[in-house]
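Reader: Before we discuss any details, could the sequence and the structure be shown together?

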Amino acid sequence: MTVDNNNISYLTLDNGLRAVHVRVPSQVAWCGLAVDAGSRDEQPGQYGLAHFVEHTIFKGTTHRRAWHILNRMENVGGELNAYTTKEDTVLYSVFPQQYMERAIDLLADLVQWSVFPAAELDRERDVVLEEAASYRDTPAEAVCDDFEDLLLAGSPLGHNILGVEADLRQLTTEDCMRYLKTLYVPTNMAFFSMGPQDPDRVFRLVQKHMGGMSHAAAPTHRQPPVVNEPFVRTVDVGTHQAHTVVGGRMPHTHHPLRHAAMLLNNILAGPGMNSLLNVELRERRGYVYTVESSLSLLSDCGWLQIYLGCDDSDVKSSLRVVNRIVERLAQDSMPERRLDKYKKQYCGQLVVAADSTEFMALNAGRGLLYRGVVATVQQTIDSIMAVTPADIAQVAQWLSPNKLSTLTYH
């Protein structure tokens, strides 16, 4: 076991499972498993399998029925949850701190012994299809998903996490079992926990319940998606207002410019009402009722997308403003004093976010999974403060107007 000076302890089990415990004073604890498996790991004809497994992994094991899994943590006031992204799946629980072993035992049971009963799969299939339909009924959600599909077309990343209805209807117990046995293996997962417990005790529990897992290695077949030609598309979906996404490719999560990309995203249309695009498009011109940007940094690629909600007649004018601001950021060196203000704002937002134990616990899991270490808030702040005006200009060049793609639903 290794311990750094931030109360963060690490251990790697003999079977290759990595574990991290963040010790904090609290009556509440968290633990979970971050799995390096997402929608990009699905095979054609099985789109939606990663998300479907995330749903149905709770539907029974060789030791517990679905009802017992549902109640295992809730009976002591805890919660059990999960989510899926394009390249990872996270299972986690929050609970009163004295129930750490109960949670670890349950997680170990799920990833090792889930049986995916056919009857439960049929019931949950309808739930997942309804979830997908609800997104399609929300243009602001659908346009963002479809933009990503177009941007990443031709790669396993270029399809919706929720899947394709025809594929979902054909997924079987065997499909789910094969996916679990192939990708939910020790070397492809990271265990994380946060709470007041002594790390030695937590790691003994991890060894007890997960040390006997298979040593098999997950297949490595991921390839970075090619950079497609920019596109401009408009789709008539019969909405009263227009929903537009504009964006392009960005550096990956290991790239030296990743912190500059994070800061640029915040400058353009982050959560602050004083973001450049909110001020220019909403406050000064009244073109949009919503403008927000999001940055996705994956292991081998990234992209930034800006969502605009506005009247159909204001789409072209709004896009001209976006292009002008991006071009200015790419060509001109931002004054140090102005950049320092943006840094101060973003670092303050990081401090506020870090007050959420859920955010910090999940961040620990993904940090260990992808980087092998957990970055503290102060370390991230230090990296943000080191960003230079030249860095901002360089990363903005990834989004220069001739590289931007646009999708509009109206």
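**Helix packing and cores**

Author: In this model α10 passes α11 in a right-handed crossing, a term used when the near helix is turned clockwise from the far one by less than a right angle. Helices here are DSSP runs of H or I with at least four residues, numbered from the N terminus. The model is predicted, so local features need pLDDT of at least 70 and side-chain atom pairs count only at pLDDT 80 or more, while totals for chains, interfaces and linings use all residues. Residues are numbered from 1 along each chain as its sequence is written, and side-chain values use heavy atoms, with hydrogens and water left out.

Reader: Is α10 roughly parallel or roughly antiparallel to α11?

Author: The axes, which are lines fitted to C-alpha atoms over the stretch in contact, come within 11 Å for α10 (residues 276-284) and α11 (residues 315-331), and they cross at roughly 150 degrees. Because angles over 145 degrees count as roughly antiparallel, the relation of α10 to α11 is roughly antiparallel.

Reader: Which residues in α11 are met by L276, L277, E280 and L281 in α10?

Author: Contact means heavy atoms within 4.5 Å. The residues of the contact of α10 with α11 divide into seven nonpolar, one polar and one charged, where Ala, Val, Leu, Ile, Met, Phe, Trp, Tyr, Cys and Pro count as nonpolar, Asp, Glu, Lys and Arg as charged, and the others as polar. On the α11 side, those four α10 residues meet S318, V321, V322, I325 and L329.

Reader: Does V315 count as buried or exposed?

Author: V315 lies in helix α11, and, with residues up to four places away in sequence not counted, it touches A242, T244, C310 and T408. Since buried means under 20% relative accessible area and exposed over 50% (1.4 Å probe, protein chains only), V315, at 9% relative accessibility, counts as buried.

Reader: Does R337 count as buried or exposed?

Author: R337 lies in helix α12 (residues 336-353). Because its relative accessibility is 67%, R337 counts as exposed.

Reader: Which helix gives the most to the largest nonpolar core?

Author: A nonpolar core is a set of buried Ala, Val, Leu, Ile, Met, Phe, Trp, Tyr and Cys residues joined through side-chain atoms within 4.5 Å. The largest has 49 residues, and those with the most contacts inside it are I57, I104, Y184, F191 and M210. With eight residues, the helix that gives the most to this core is α3 (residues 100-113).

Notes: Axes are lines fitted to C-alpha atoms, for helices over the stretch in contact, and angles run from 0 to 180 degrees between N-to-C directions. Helices (H or I, at least four residues) and strands (E, at least two) are DSSP runs, numbered from the N terminus. Angles under 35 degrees count as roughly parallel, over 145 as roughly antiparallel, 65 to 115 as roughly perpendicular and the rest as oblique.
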